[in-house]
Amino acid sequence: MTDTTNPLLADRPLPAFSRIEPGHVNPAVDALLATFRSEVERLVADPAARTFDTLMQPLETLEETLNRAWSPVGHLHGVKDTPALRDAYGEALEKLTDHSTELGQNRALYDAVKTLRDGADFARLDRPRRTLVDDSLRGFRLSGVALESPARERFAAIQNELSKITTEFGNAVLDATDAWTRPLADAELSGLPDSARAMLAQAARDKSLDGHLATLKGPVVTAILTYADDRALRAEIYRASATRASDQGPNAGQFDNSARIERIVALRHEAALLLGFDSEAHLSLADKMAGTPERVLGFLHDLAARARPVALRELDELRAFARESLGIDDLQPWDIGYASEKLRQRRFDFSEEDLKPYLPLDAAIAGLFAVAERVFGVRLRQRDDVDLWHPDARYYDVLDADGSVRAGFYVDLYARSGKKGGAWMDTCRNRRRDNDGTLQPPVAFLVCNFAPPSADTPSLLTHDDVVTLFHEFGHGLHHMLTEIDLPSVGGISGVEWDAVELPSQFMENFVWKREALDLFARHWKTGEALPDALLRKMIAARDFQAGMFLVRQLEFALFDFRVHLEFDPARGARALDILDEVRREVAVIVPPEWHRFPHAFTHIFAGGYAAGYYSYLWAEVLSADAFAAFDDAGIFDSVTGARYREEILAVGGSRPALESFVAFRGREPDPAALLKSYGLAA
Ligand SMILES: [Zn+2]
C-alpha cells in the first residue's frame with residue numbers, strides 16, 4: 001500500500017468522500033486483493049500460524065482493511081452513482097466475488113482453521129473467538145471444501161447445475177409474465193383509480209398501443225384484483241397470473257417450470273446428503289436460529305392452529321359483506337381483494353395524506369433520537385467537520401451516557417437522481433480492536449428516499465416512512481452498539497439470518513405507540529398532537545384481516561419447508577401434493593385445482609429462501625415478543641432497555657441468537673406475542 005494518493009487506501013478514521021474518484025476503485029481493490037492473497041499463502045505455509053492470534057486475527061485484519069476501502073465505494077454506488085463509477089464498481093465487484101469464492105474453496109486454509117479448532121488451546125479462547133472459528137469452519141464445510149473426491153467434484157457439479165436451473169426458473173417466470181397482455185375496453189376500467197389507469201395507459205404506450213393494457217406485472221395484477229368492478233376481468237387476470245410458467249392457463253406448457261421444480265428439489269437434496277445432512281431443510285437450518293425442523297414445524301403448526309379460527313371469522317365477515325353490499329353470493333378467490341378493499345374503505349376512511357402533516361422529517365428524527373436516549377441511554381450529536389458526499393448528508397457521533405464516543409453514523413434521507421431507491425442500513429467501519437489494543441469504533445450508513453422539502457413545506461413523511469426510518473435505525477443500533485471486537489461476529493455479522501431482523505422490527509413497534517408518537521408527531525403548522533381518533537384508525541387498519549394474511553404466509557412457509565424436508569428420490573418432489581396437504585391444514589381460501597402457485601415461487605426456487613421462508617414470521621415473533629418485555633414497565637423503561645442492549649445488541653453474532661433471546665426474555669420466543677401484536681386474541 002505505497003500509493004498514498006489513493007484516498008481509498010489512506011489510513012484515516014472516516015472515508016474522504018469528496019476525494020474519491022472512479023479511477024481510484026480498481027487500483028485500490030487490486031492492491032488489497034494482492035496483499036490478501038499473498039498473506040493467506042504465507043499464513044497457510046507457516047506451521048506456527050495455527051493459533052487464534054496468528055491465524056484468525058490476521059484474517060480479520062485483511063477483511064476489515066478490504067472493507068474499509070470497499071464500503072465507501074459500495075455506498076457511493078448506491079447514493080451518488082455515475083456511469084464511470086458504475087463501471088468501476090462492476091469490474092471490482094467481480095474481482096471481489098471471485099476472491100471470496102476462491103477463499104471459501106481454499107482447502108489449505110480450511111485445514112489450518114481445523115487444526116486450530118482441534119488444538120488444545122481452542123477451549124481456552126473466549127466465546128466470541130470460539131464462535132468465530134466455528135462459524136468459519138461451518139462456512140468452509142457448507143461450501144463443500146471439506147469433501148473428499150469424488151464427492152467434492154459431484155458437489156461442485158450440483159452447484160453449477162443448480163445455479164443454471166434456478167436462473168432458468170426465474171427467467172421462465174419473467175418470460176411468462178411478459179408473454180400475456182390484454183387490451184382493456186373503457187367499460188372495463190370501471191372502479192380503477194386514476195393512478196391505476198395511468199399505469200395501464202403506460203403499459204399500452206410501452207407496447208406502442210393506444211388505450212389501456214392489462215399485463216401480469218405485480219402492480220397491475222394487484223390494482224385490477226383490488227379495484228376493477230368487472231368480475232369477469234378479475235377472474236381472467238387471476239387465472240392468467242396464477243398459472244404463469246406452468247402446465248395450466250392461457251399459455252399452458254410454454255414456460256412450464258414443472259420439471260425444473262422436480263430437478264431443483266432433487267439436486268438440493270443430493271447436495272445436502274453429500275454434506276452429511278438428512279435433507280435440504282436440515283442443511284438450511286445449519287446456520288439459522290430455529291435450529292431443527294421440529295422447532296420450525298412446531299412453530300408453524302402452532303401459529304396455524306391459533307390464526308386459522310381468526311381467519312375463518314374474517315372470511316365469514318367478508319362473505320356476508322360481499323353478499324349484502326356487493327351482490328356477490330359466491331365469493332371467489334378473484335373477489336377477495338376487491339371485496340376486502342370495499343370493506344376496508346367503509347371501515348377506515350382515512351388516507352396517508354391525512355397523517356403526513358403530523359410527521360415532518362426533522363421531528364421524526366428528533367423523536368427517534370429521543371427514543372434511543374430513553375431506552376438505550378445513547379445520545380446523538382451532529383458533527384460538521386466530516387467529509388460528506390452531498391450537502392443533504394449528515395454525520396452524527398453516538399455518545400454513551402458518560403459522553404464517550406461509541407460509534408458514528410451517516411444519514412442521507414432525501415430522494416434524488418443518481419441515488420438507488422428504497423431504504424437501507426450498511427456498515428462503513430466495523431468495531432475492531434488491533435493486536436496493540438487500539439479500538440476502531442463502528443460506523444454505519446443510514447439511507448432513505450423520503451420526499452425532500454419544497455419552498456414552503458418541510459419534508460413530510462407517511463407513517464410507512466417513519467416505520468422505515470425506525471426499522472433501518474434498528475439495524476444501525478445493532479451495528480453501532482456492539483461490544484464485540486471481532487468484525488466477523490460483531491453487530492449484524494454472523495447473526496443467523498432468521499434473527500437478523502429482530503433489532504430492526506423491534507424499533508418499528510415504537511411508531512405505533514401513543515407515548516412515542518407524542519415525542520414528535522405534531523402538526524407542522526399548528527403544533528397540534530396527532531388526534532387519537534386517527535391513531536386508532538391507523539392501528540385498526542393495520543390489523544385488518546391480519547388472520548387471513550397470517551394463514552397465507554403460513555401456507556407459503558409450510559409448503560417451502562415441507563417440500564425441502566420430505567423429498568424422497570423414490571417419490572419425487574410431490575410439490576402439488578404437499579401444497580394440497582398444507583392448504584387443507586391452514587388455508588381458508590382454497591384456490592381452484594388449476595392454480596399453480598409453486599411455479600412462480602421465485603423466493604425459494606430462484607432465490608435464497610429455500611427452507612427459509614418461515615423466517616419472515618419467525619423474525620416477527622422475535623421482535624413482537626422482545627417488545628412485549630416492555631409491556632409492564634413501559635416502552636421507555638431504561639432497565640429493560642439496558643438488558644436488551646446488553647443481551648441482544650451488544651453480543652451481535654458472538655453466540656447463538658436463541659441463547660441471546662433467552663438471556664433477555666428468560667424463555668424461548670412465544671408465538672402468542674405475534675398474534676397479540678396483530679391485534680388477535682392469543
Ligand atoms: Zn431490515
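**Close-up views**

**View 1. Aspartate 485 sits in a partly exposed spot, with a relative accessible area of 24%.** Here, buried means under 20% relative accessible area, exposed means over 50%, and partly exposed is in between (1.4 Å probe, protein chains only). You're looking at a predicted model, where local features need pLDDT of at least 70 and side-chain atom pairs count only at pLDDT 80 or more, while totals for chains, interfaces and linings use all residues. Residues are numbered from 1 along each chain as its sequence is written, and side-chain values use heavy atoms, leaving out hydrogens and water.

Which residue is the salt-bridge partner of aspartate 485? That's arginine 433, with the closest N and O atoms 2.9 Å apart. Arginine 433 belongs to strand 7 (residues 432-433) and aspartate 485 to the loop between helix 16 (463-480) and helix 17 (502-508), so this pair ties together parts 52 residues apart in sequence. For the record, a salt bridge is a side-chain nitrogen of Lys or Arg within 4 Å of a carboxyl oxygen of Asp or Glu, and helices (H or I, at least four residues) and strands (E, at least two) are DSSP runs, numbered from the N terminus. Arginine 433 is partly exposed too, at 31% relative accessibility.

**View 2. Arginine 432 meets aspartate 434 in a salt bridge.** The N to O distance between these two side chains is 2.6 Å. Arginine 432 counts as buried, with 10% relative accessibility, whereas aspartate 434 is partly exposed at 32%.

**View 3. Glutamate 168 and lysine 164 pair up within one helix.** Both lie in helix 6 (residues 151-179), 4 residues apart, which is about one turn of the helix. Their salt bridge has its closest N and O atoms 3.7 Å apart. Lysine 164 is exposed, at 55% relative accessible area, while glutamate 168 is partly exposed at 31%.

**View 4. Arg231, Arg234, Asp330 and Asp335 join in a network of salt bridges.** Counted by the salt-bridge rule, the model has 55 salt bridges.

**View 5. Arginine 645 is tucked into a buried position.** Its relative accessible area is 11%, so arginine 645 counts as buried. You'll find arginine 645 in helix 24 (residues 638-649). Leaving aside residues up to four places away in sequence, arginine 645 touches Phe376, Val378, Asp400, Arg406, Leu481, Glu483 and Ala650; contact means heavy atoms within 4.5 Å.

**View 6. Domain 1 (7-142) meets domain 4 (355-543).** These bounds come from an automatic or database domain assignment. The two centres, taken over C-alpha atoms, are 28 Å apart. Domain 1 brings 27 residues to the contact and domain 4 brings 29. About 2400 Å² is buried between domain 1 and domain 4, with carbon and sulfur atoms giving 52% of it; buried area is the accessible area (1.4 Å probe) that two parts lose on being put together, summed over both.

How many salt bridges run between domain 1 and domain 4? The count is 0, but there are 15 residue pairs in polar contact (both at pLDDT 80 or more). On the domain 1 side, helix 2 (52-79) and helix 5 (127-142) each supply at least two of the touching residues. Helix 2 gives the largest share, 13 residues. A polar contact is a pair of N or O atoms within 3.5 Å; within protein, one must be able to donate a hydrogen and the other to accept it, and residues adjacent in sequence count only if both atoms are side-chain atoms.
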